[in-house]
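Trainee: I should like to learn how the features of a protein model are read, one at a time. May we work through an example together?

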Amino acid sequence: MIALQFPAAVIALPVHLTDLPTSQAQTLNDEGARQLARGNAEAALENWKRAEAAYAKAGDEIGMLGSQLNQVQALQALGQYRRARTFLEQINTRLRTLPDSSLKASSFRSLGIVLFRMGDLQESRQILQSSLAISQRLNIDTGSTLLVLGNVARTHKDDSKAEKMANVEAIAFYRQAIAATSDQITQLQAQLNLFSLFVETDQIPQANSLLSEIQFLLADLPPSRATVYAQVNLAESLMKLEETATQNGKEVQITSQFKISILFSVAQLLANAVQNARDLNDLRAEAYALGQLGHLYEKSRQWPEAERLTKQALRIAQSIQADDIAVSWQWQLGRILKQQGRTSEAITAYHQAVGILSVLRGDLVAINPEVQFSFREQVEPIYRQLVQLLLENNPTQTDLKRARSVIEALQLAELNNFFREACLDAKPQQIDQVDPNAAVIYSIILPDRLAVILSLPNQPLRYHFTPLASNAAGKSDEGSQSSEVDHVFDDLFATLNPFITSQEALRPHQQLYDWLIRPLEADLTQSQVKTLVFVLDGVLQGIPLATLHDGQQYLIEKYSLALTPGLQLLPPRSLTPEQLGTLAGGLSEARQGFSALPGVAQEIQQISTLVPTNILLDQTFTRTQLINKLESVSFPIVHLATHGQFSSQAEKTFLLTWDGQIKVQDLDQLLEMRDRQQHQPIELLILSACQTAAGDKRAALGLAGVAVRSGARSTIATLWSVQDSSTAELMTQFYTALKQPGITRAEALRQAQLSLLRSSNYQHPYYWSPFVLIGNWR
């Protein structure tokens, strides 16, 4: 269940300092090191706190800093990376004024690890390079730093070309780490990471040549938690090697006999790991190793033994409250039970796994080093597989309600993962409690079907599904998404060229209509709802819903439309005409490599003639000026006409100002002062010149992230950069409609889009369909 292998908790930080002023502090530091090695991070943390107090009493600042760094190790082992980061930044502020030292290098390296675990890859790389430079100047061991730099490089992948370059760089770092260190654990970890990367990238001969070195070094190490984890890591990589060879049929490189020997080696490794953990009385390591042994039996389809070992591992993990391990074994138990046809028990196991995930929340990005979660591989599938189980074989209303709840939980989990922290709290509501004139359409992409649930006010849930073609690999792996949806997504965007006007261009728009809307048409018509609210999954989040076509007309011609991550909305509140005070900011001139937007000045000027407007344009549209305005006046509407980008990666999601960029993570800080001034929440945030990142099919996740992070009740944004003049026209029509008494935000946007659709200049979907409303549609 490991995505990557990372340095264990003891990473060559200064535990045994030779210049301690008191024997008491020396004893406390030594005992803390022993406790951490045994896996008792809580006790180690307490001892290092006491050591820090002893140094403070003796007036030894270096000793205090060393003990604080040791505490950081314990915090990392406990998964408390945000706390560790704050602690390290305080330490580094003091260390920067001191001469280079091994302590300074270790502190920088530790901060680099924390930043890496929290997803700040660029900042992590910079601080790790500083640590490496200090270590090289002082001629001290650089292996640990090079190892982490390899992990950072390996993770930094944007596309296939970048991925290939990142892997080459990671291999170089791992090899340097192996050559540079005298520490056997660090050397083994670098070899394991290199081996797993060779397996991952299908470099079988290179993996085989490294295997004997790893086995030799592993056999030479005394039992410890680090060696147990190393044994399990190697076992998992070997299982992946056998699996890769089996799937790809690489009999030339790996014979059937050798594959059998691999599985035998895995069994032996895991059995030894379990015994070593028991000898050490390390329950966490034992739960980890036992569960992986259960996974081996799961792979070999020996269900009773797989179930027995998994339950045993789960009991131990639960007894020590190791939720990060328990969630993996709960999921594994669900899969094993499903394979035995015990669907009800499997659903229970899956629900328990989802429950643990809701507790872990943002800590999934900062779990202990031996169990690093990959959201797409080890979190997302749990939700999808549970929905798949719930929707099999004529689901009941109870099943549909549970499935709907899981779909919303997945949406929130995705956003928490996007921000790399737990920032959202779910407060589910029923659609009839929100808007009696709206229907909610939930979709989820499963390996063999597109499932859709319809929620109408005061009515039972409806369900339908569309069978989908197999994925590109020719098989449907549980929890994966069908490539057929990707193909339709690509086809649709290929038609969004204003010079394409043929009826054939509407084929993908009609395909999506057939999947999402047509089976529901009778229910929607009978209910007389006016607004369709979509909770969409995967790449569907990025489609321009307004363009769905029934063969006669677009969906926007029949309904107002909105998107939401779920019905976790702020209390609904309609905007009255007298509540349309607007702060309008934007850039019309070229800045920071981005082209000029000459229509922005016209757009803002037209808005100012329709509603009371405070303007920040070009040189005045700075971060500071924006903060000052938001602090001083309560604006129900904030309208920003500027370049921006939505990406599936938070660090690449931003808004452009005259003097820099506002990152999505900074949005809540930017609006914090407003909250402290007790202003009303922003009712409507409009971003009229942003776009989703090219080539990023999950980029709409960034759009939802901006909507959530801003704290605005509603957000209107664009999926691509549209023409200045058409945007100005649409926004004029939007504000004109919004001034009408009793009109909803979704309906105001619909009327604005229809005005372009019915015009001679802008009737192509390219001009009007990228505008989407996220959040409160009323």
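Mentor: We shall go from the whole chain to its strands, and then to single residues and cavities. Please keep in mind throughout that this is a predicted model.

Trainee: How many helices and strands does the protein chain have?

Mentor: An inventory of secondary structure is a sensible start. The protein chain here contains 30 helices and 15 strands.

Trainee: What share of the residues is buried, and what does the surface consist of?

Mentor: Of the 778 residues in the protein chain, 58% are buried. The accessible surface amounts to about 30,500 Å², and carbon and sulfur atoms hold 49% of that area.

Trainee: How does one read the contacts along the sequence?

Mentor: One asks how far apart in sequence the partners are. Among contacts with a separation of 6 or more in the protein chain, 71% link residues 24 or more positions apart.

Trainee: Let us turn to sheets. In which order do the strands of the open sheet lie?

Mentor: For a sheet, one gives the order of the strands, then the sense of pairing, then the edges. Four strands make up this open sheet, in the order β11-β10-β9-β13, with mixed pairing. Its edge strands are β11 (660–663) and β13 (690–692), each of which pairs on one side only. On average, neighbouring strands of the sheet are turned by 20° against each other, direction ignored.

Trainee: How are the individual pairs within that sheet described?

Mentor: One states the sense and the number of bridges, and then a residue pair that fixes the register. Strand β9 (residues 644–646) runs antiparallel to strand β10 (residues 654–657), and two bridges join them. Gly644 is placed opposite Leu655 in β10. On to the next pair: β10 and β11 are also antiparallel, with four bridges between them. Here Phe654 has Lys663 in β11 as its bridge partner. The connection from β10 to β11 is a hairpin through two residues.

Trainee: Which way do the side chains of a strand point?

Mentor: In a regular strand, side chains alternate between the two faces of the sheet.

Trainee: How many residues lie between β2 and β3 in their hairpin?

Mentor: That hairpin has six residues between its strands. β2 and β3 pair in the antiparallel sense over six bridges, and Val452 has His464 in β3 as its bridge partner.

Trainee: What deserves attention in the turn itself?

Mentor: Backbone torsions are worth checking there, above all phi in residues other than glycine. Asn458 is not a glycine, yet its phi is positive and near 60°. Asn458 sits in the loop between β2 (449–455) and β3 (462–467).

Trainee: Is Asn458 buried or exposed?

Mentor: Asn458 counts as exposed because its relative accessibility is 67%, and the cut-off for exposed is over 50%.

Trainee: Where else does a positive phi occur in a residue that is not a glycine?

Mentor: Asn281 is such a residue, with a phi of about 55°. Its loop lies between α12 (256–279) and α13 (283–299). Asn281 has 64% relative accessibility and therefore counts as exposed.

Trainee: How should I read a buried residue?

Mentor: One notes its element, its accessibility and its partners in space. Leu583 belongs to strand β6 (residues 582–586). Its relative accessibility is 0%, so Leu583 counts as buried. Beyond its neighbours within four places in sequence, Leu583 has contacts that include Asn614, Leu616, Phe635, Ile637 and His639. Leu630 is another of its contacts; the two are 47 residues apart in sequence, with their C-alpha atoms 8.3 Å apart.

Trainee: Which helix holds Asn233, and is the residue buried or exposed?

Mentor: Asn233 is part of helix α11 (residues 225–248). With a relative accessible area of 8%, Asn233 is buried. Between Asn233 and Gln292 the C-alpha distance is 9.5 Å, across 59 residues in sequence.

Trainee: Finally, how many cavities of 30 Å³ or more are there?

Mentor: The count is seven. The largest cavity has a volume of about 190 Å³. It is lined by 16 residues, of which Gln411, Gln541, Leu563, Ala700 and Ala704 are the closest to its centre. The elements giving two or more residues to this lining are α18 (397–419), α27 (700–709) and β15 (771–775). The largest share, four residues, comes from α27.

Note on methods
Residues numbered from 1 in each chain as written. Predicted model: local features only at pLDDT ≥ 70, side-chain atom pairs only at ≥ 80, totals over all residues. Heavy atoms only, no water. Buried < 20%, exposed > 50% of the residue type's maximum accessible area, 1.4 Å probe, protein only. Contact = heavy atoms within 4.5 Å. Areas by Shrake-Rupley, 256 points an atom, 1.4 Å probe, with all protein chains shown as cover. Pairing = 2+ DSSP bridges. Axes fitted to C-alpha atoms, helices over the stretch in contact; angles between N-to-C directions. 1 Å grid on protein atoms, 1.4 Å probe; cavity = no way out; pocket = protein on both sides within 12 Å on 5 of 7 lines; lining within 4 Å. Points joined across faces, edges and corners; volume = space filled by probe spheres on them.
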